[in-house]
Amino acid sequence: MFADLHLHTQFSDGTYSPEEMVSQARLHGLAALALTDHDTVEGCPRTAQACEAAGIEFIPGTELTAEQNGNELHILGYFIDIRNPGLLEEIGKFQHVRQNRIREMVARLNRLNVPLRAEAVFALANCRAPGRPHVARALVQAGLCASLDEAFERFLKKNRPAFVPKFKMSAADAIELIHAAGGVAVMAHPGLNRTDEVIPGMVEAGLDGIECFHTKHSTATAARYLELADRFHLLVTGGSDCHGLSKGRPLIGTVKLPYQHVEKLRAKAEERKAAATVSP
Ligand SMILES: [Zn+2]
Ligand SMILES: [Zn+2]
């Protein structure tokens, strides 16, 4: 039995609807999956429903944008209570900031005589957590760029004229937020960040696990993080980070995490939930 614990849908920057993603998961024979859209839990109810119909175990999750020592990090939260008021309030602030960032990017494009409207981006994104990929898609849709690559290269990449830095909470705050919602906090794709020096500080802040298996981790990278997980007594997770068709081919099914890791994650979440209910 296998799981994929890192998946995106249309509720952030993926292209699949929850139903499409679940039918793909079914094709690949997954026993369990976690939805980890960026800075939102909006897609969880529909994904849960689709999973139930397909006989797949659903794990509610999110991927929070955070930073530690000036480095952008993504913190995955698993088994979170998606109705937790503190979580929803923080996520709401995040989404507001994301929407303002879209407006700022569009304003910069307009100053460059690129006539894109923010409303066109919001209409295309049709979710509460819009991001740069949506601006890129809107530029292509409006015929202002020939491809997503061109949109990023000319305007949206860091150090390009329409780039606007993303607001990030501290990694410690992200971990605390996930714990307060009864969830387990996991560092996403450490091999992409190449900032292993931040890991001890995050362990100190209560980090529960590390994503050892990821589409962009080589076998050697996965082995390095398995060793780190062992050293710091962290749980091991893995997932494809599938964004549907937006990054070429769909990645779901390319990373298959043995189910025993899901059981350990669930046991930790039960501990976290017990702790979250006793604390004031
Ligand atoms: Zn990420
Ligand atoms: Zn992701």
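# Salt bridges, zinc and core in a predicted model

Student: How many salt bridges does a search of the whole structure find?

Tutor: In this predicted model, a search of the whole structure finds 16 salt bridges.

Student: What makes the contact of Arg266 with Glu57 a salt bridge?

Tutor: The closest N and O atoms of Arg266 and Glu57 are 2.8 Å apart, and the cut-off for a side-chain nitrogen of Lys or Arg and a carboxyl oxygen of Asp or Glu is 4 Å, so the pair qualifies. Arg266 lies in helix H11 (residues 260–278) and Glu57 in strand S3 (residues 57–68), so this salt bridge ties together parts that are 209 residues apart in sequence.

Student: Why does Arg266 count as partly exposed?

Tutor: The relative accessibility of Arg266 is 26%; partly exposed is what falls between the buried limit of under 20% and the exposed limit of over 50%, and Arg266 therefore belongs in that class. Its partner Glu57, at 23% relative accessibility, also counts as partly exposed.

Student: How do you know that Arg108 and Glu104 are about one turn of the helix apart?

Tutor: Both residues lie in helix H3 (residues 85–111), and they are four residues apart, which is about one turn of the helix. They form a salt bridge whose closest N and O atoms are 2.9 Å apart, again within the 4 Å cut-off. With relative accessible areas of 27% for Arg108 and 30% for Glu104, each of the two is partly exposed.

Student: Which other residues form salt bridges or are linked in a network of them?

Tutor: Lys157 forms a salt bridge with Glu153, the closest N and O atoms being 3.1 Å apart, and Glu72, Lys166 and Lys168 are linked in a network of salt bridges.

Student: What makes a residue a donor of the zinc ion (ligand 1), and which residues are its protein donors?

Tutor: The protein donors are Glu63 through OE, His74 through ND1 and His189 through NE2, lying 2.1 Å from the zinc ion (ligand 1), and because donor atoms must lie within 2.8 Å of this metal, these atoms meet the criterion. Along the chain the donors follow the spacing E-x10-H-x114-H. His74 sits in strand S4 (residues 71–78) and His189 in the loop between strand S6 (184–187) and helix H8 (190–193), so that the pair, 115 residues apart, links distant parts of the chain. The zinc ion (ligand 1) and the zinc ion (ligand 2) are 3.5 Å apart, and Glu63 coordinates both.

Student: Are the two histidines, His74 and His189, buried or exposed, and how do you know?

Tutor: The relative accessible area is 13% for His74 and 5% for His189; since buried means under 20%, both values lead to the conclusion that these residues are buried.

Student: What makes a group of residues a nonpolar core, and which members of the largest one touch the most other members?

Tutor: Such a core is a set of buried nonpolar residues joined through side-chain atoms within 4.5 Å, and the largest here has 47 residues, of which Leu33, Ile75, Met187, Met202 and Ile210 touch the most other members. Helix H7 (residues 171–180) gives the most to this core, with five residues. Leaving aside neighbours within four places in sequence, the contacts of Ile210 include Val186, Met187, Ile199, Tyr225 and Leu235. Apart from the largest core lies another, of 18 residues, among them Val114, Val121, Ala151 and Val164.

Student: How do you know that the buried residues of helix H2 are on the same side of H2?

Tutor: The buried residues of helix H2 (residues 44–54) are Cys44, Thr47, Ala50, Cys51 and Ala54. They cover an arc of only 130° around the axis, and therefore lie on the same side of H2. On the other side of H2, Gln49, Glu52 and Ala53 are exposed, whereas what covers the buried residues includes helix H1 (18–27), strand S2 (32–35) and S3. H2 is followed by Gly55, whose phi is positive, near 70°.

Student: Why does the radius of gyration of the protein chain agree with that of a compact globule?

Tutor: With 280 residues, a compact globule would have a radius of gyration near 19 Å, and because the protein chain has 18 Å, the two agree. The chain holds eleven helices and nine strands, and 52% of its 280 residues count as buried.

How values were computed:
Residues are numbered from 1 along each chain as its sequence is written. Chains are lettered from A and ligands numbered from 1 in the order in which they are written. This is a predicted model: local features need pLDDT of at least 70, side-chain atom pairs count only at pLDDT 80 or more; totals for chains, interfaces and linings use all residues. Side-chain values use heavy atoms; hydrogens and water are left out. Donors are N, O and S atoms within 2.8 Å of the metal (3.2 Å for Na, K and Ca); water is not among the atoms, so sites may look incomplete. Helices (H or I, at least four residues) and strands (E, at least two) are DSSP runs, numbered from the N terminus. Buried means under 20% relative accessible area, exposed over 50%, partly exposed in between (1.4 Å probe, protein chains only). Contact means heavy atoms within 4.5 Å. The arc is that of the directions from the helix axis to the C-beta atoms. The radius of gyration is taken over C-alpha atoms; the globule rule is 2.2 Å times the number of residues to the power 0.38.
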